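Thanks for asking me to look this one over. My comments are below, in the order I would walk through them at the screen.

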Amino acid sequence: METGELSLDALRREATHCTACELYESATQTVFGEGPPTAWLMLVGEQPGDKEDVAGRPFVGPAGRVLDTALERAGIDRAEAYLTSAVKHFRFEQRGNRRLHKTPGVTHIRACRPWLDGELRAVRPAVLATLGAVAGKALLGPGFRISRVRGEVLEWEGRSLVPTVHPSAILRGPPETRDEALDALVSDLRVVAGLRR
Ligand code: URA
């Protein structure tokens, strides 16, 4: 799909029918980004989870609640940011009646890239934050290692980009480390808030 100069509404409409990889076959729907079309900040996650897949909106499940808490503590209103994911269909493994998250692969990231590029062209955010390794790899390449650069302000195509962890990593970690992991995410997002224009 050539996403050229399409508006966000046009991109969202076109992405509804995306069959660029096989994930559309088992996912409920495309979960496109949402937020102000002129947002100063774009937050890029990995892929929709179970709840997002059903609702058709990004970050409305458990990871979204962690993100909301972290954003609020960092002084960022969710409504001022454009939220999206590197991959826009839910990749999962069916276990009984549960759908377990499966990390998207390079082919899925690549197939979905035109939509992310289209969102970047349409919104033109001055600041980007990548949440987790998949989003980092999508924008910074396969050599991206989150442990080396998290919380740093990088330059990416004339914009500022701050890599941080995915909020779901906090939920997956041992309960006794969650407060500390959340504090670290908040601290990275404070760096992002400091770049507000
Ligand atoms: N994780 C993401 O990266 N995106 C969502 O929409 C939900 C969870």
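The points that follow go from the annotated domain to the sheet, then the ligand, and end with a hairpin.

1. First, a reminder that this is a predicted model. UniProt lists residues 32-190 as "domain: Uracil-DNA glycosylase-like", and the entry is an unreviewed one. Over that stretch the chain is 43% helix and 20% strand, and its end C-alpha atoms sit 26 Å apart.

2. Take the sheet next. It is open and built from five strands, and if you read across it the order is 2-1-5-7-6, with mixed pairing. Strand 2 (81-85) and strand 6 (154-156) are the edge strands; each has a single partner, so one side of each has no neighbour in the sheet. Going from one strand to the next, the twist averages 30 degrees.

3. Now look inside the sheet, at strand 1 (residues 41-45) and strand 5 (residues 127-131). These two run parallel and are joined by four bridges. If you want a pair to click on, try M42, whose bridge partner in strand 5 is L128. Helix 5 (residues 133-140) packs on the sheet, where it touches strand 1, strand 5, strand 6 and strand 7 (159-164). The direction of helix 5 makes about 130 degrees with that of strand 5.

4. On to the ligand. Which residues are around it? The list is G45, E46, Q47, P48, G49, E52, P58, F59, S85 and H166. Some of these tie back to the sheet: G45 is around the ligand and falls within strand 1, residues 41-45, while S85 is also around the ligand and belongs to strand 2, residues 81-85.

5. Three polar pairs deserve a look. F59 uses its backbone: an N or O atom there lies 2.9 Å from a ligand oxygen. S85 uses its side chain, with an N or O atom 2.9 Å from a nitrogen atom of the ligand. H166 brings a polar side-chain atom to 2.9 Å from a ligand oxygen. How much of the ligand's accessible area does the protein cover? The figure is 96% of the 240 Å² that the ligand has on its own.

6. Last, the hairpin. Strand 3 (residues 92-95) and strand 4 (residues 98-101) run antiparallel and are joined by four bridges. Q94 is one to check: its bridge partner in strand 4 is R99. Two residues lie between the strands, and G96 in the turn has a positive phi of about 60 degrees.

Notes
Residues are numbered from 1 along each chain as its sequence is written. This is a predicted model: local features need pLDDT of at least 70, side-chain atom pairs count only at pLDDT 80 or more; totals for chains, interfaces and linings use all residues. Side-chain values use heavy atoms; hydrogens and water are left out. UniProt positions are given in the numbering used here, feature names are shortened, and annotations may be inferred rather than shown by experiment. Two strands pair if DSSP finds at least two bridges between them. Axes are lines fitted to C-alpha atoms, for helices over the stretch in contact, and angles run from 0 to 180 degrees between N-to-C directions. Contact means heavy atoms within 4.5 Å. A residue is near a molecule or strand if one of its heavy atoms lies within 4 Å of it. A polar contact is a pair of N or O atoms within 3.5 Å; within protein, one must be able to donate a hydrogen and the other to accept it, and residues adjacent in sequence count only if both atoms are side-chain atoms. Accessible areas come from the Shrake-Rupley method with a 1.4 Å probe; for residues, only the protein chains shown count as cover.
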